[in-house]
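Open your viewer and get the selection tool ready. We will walk through a few stops together.

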Amino acid sequence: AFIFNELNFDNHEQVVFVSEAKSGLKGIIAIHNTTLGPAMGGCRMWDYASEALAVNDVLRLSRGMTYKNAVAGLPIGGGKSVIIGNPKTDKTPALFEALGEALERLGGRYVTAEDVGTSPQDMAHVATKTRYVAGLGDNGDPSPYTALGCFVGAQAAVKHHLGRDSLEGLTVAVQGLGHVGYDYARRLHAAGAKLVVADIETQALERARHELAATVVDVDAIYDVQADIYAPCALGATLNANTIARLKARIVAGAANNQLATADVGEMLRQKGVLYAPDFVINAGGIIKVCYEYLGKPESDVEAHVREIGDTLAEVFARAGREAVSTSVVADQVAQARFKR
Ligand code: NAD
């Protein structure tokens, strides 16, 4: 019962454990589904408190990539890998070379990229052993495309839910001004939105105050802001019964992965009249960019593909309204219709 009953398996095609004594690599590669193409998703490095947590994480994350990639209309499946270790102290080139060798043995069924705890430089070490790696950093960071997807997603949500063609004068509560959050905030400001922001880093806050006329609030106060849109761009799982009760915003549109603490939170938002832009639909801009780069498709076409996130969300919102179900349920169904054969 230890493996198949206890862990987050959901029709995963293949899970590979890699252990290499010389480099100290302890890694897990999870290929969730390859119906639409080779599995693609980042490599996370994390000092997991237990091996079971690492397995659960990679199973959950790889499944999520299948849904994200399918809804984004990309010709790739879903996968993810994790390296067990502290990214601040345990990284060596040999570790990532060993991962590259493991990917090479999989013959292209899984393609990796950077993620939490790994960097383009780490991926360059992977690339010395395999070509099944993307996002090597030669032409930059996917975050601006993730931010663009969030922005067109917010526009679609405002149009559907508030009946407005513009963000002018609306207030957006942005949680987290990192790679994605800051760029998203910049676009919102340029479109005439008022910003209320929170971050644990004071530098980003100062910049937002000066450059974007943002109002700064305490980290915990972001849930209480009198805003039209709540934009989670920091951590996952920020939406739960407690935070939803506090939210004044009528729309949730942000970049964070796994925003719903539990699956039933999608329905709770619907009942409260809050329109939720499902995380894996609105935050696909980055993977679209990475996928184009990997497949050698022109970067000049990426923007148009990312902008389709707005149309996809408009369809998800309309169908959820017609069927009186949550947007997260509809988004899951759209994904499943594409990858389940
Ligand atoms: P990042 O690390 O650059 O930024 C995160 C920001 O959140 C940082 O400024 C950090 O100080 C801040 N933060 C941390 N804890 C906070 C808290 N409790 N309250 C407020 N702010 C807090 O990360 P990123 O690349 O901008 O990604 C943001 C989110 O979007 C993550 O959840 C990530 O998984 C998701 N995402 C990112 C991309 C991408 O292209 N980078 C793509 C898809 C999803």
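**Stop one: around the ligand**

Select the ligand and its surroundings: of the 22 residues around the ligand, Thr146, His179, Val180, Asp199 and Ala234 come nearest (a residue is near a molecule if one of its heavy atoms lies within 4 Å of it). Keep in mind that this is a predicted model, where local features need pLDDT of at least 70, side-chain atom pairs count only at pLDDT 80 or more, and totals for chains, interfaces and linings use all residues. Residues are numbered from 1 along each chain as its sequence is written, and side-chain values use heavy atoms, with hydrogens and water left out.

Next, pick histidine 179: one of its polar side-chain atoms lies 2.6 Å from an oxygen atom of the ligand. Move on to asparagine 257, where a polar side-chain atom lies 3.0 Å from a ligand oxygen atom. At alanine 234, a backbone N or O atom is 2.9 Å from an oxygen atom of the ligand.

Now turn on the surface: the ligand taken alone exposes 830 Å², and the protein buries 76% of that (accessible areas by the Shrake-Rupley method with a 1.4 Å probe).

**Stop two: two helices**

Select helix 5 (179-190), which gives two or more residues to the shell around the ligand, as does helix 4 (143-162); helices are DSSP runs of H or I, at least four residues, numbered from the N terminus. Add helix 6 (residues 202-212): the axes of helix 5 and helix 6 come within 11 Å and cross at roughly 15 degrees (axes are lines fitted to C-alpha atoms over the stretch in contact, with angles from 0 to 180 degrees between N-to-C directions). Helix 5 and helix 6 are therefore roughly parallel to each other, a term for angles under 35 degrees.

Definitions and conventions
Polar contact = N/O pair within 3.5 Å; in protein donor to acceptor, adjacent residues only side chain to side chain. Parallel < 35°, antiparallel > 145°, perpendicular 65-115°, else oblique.
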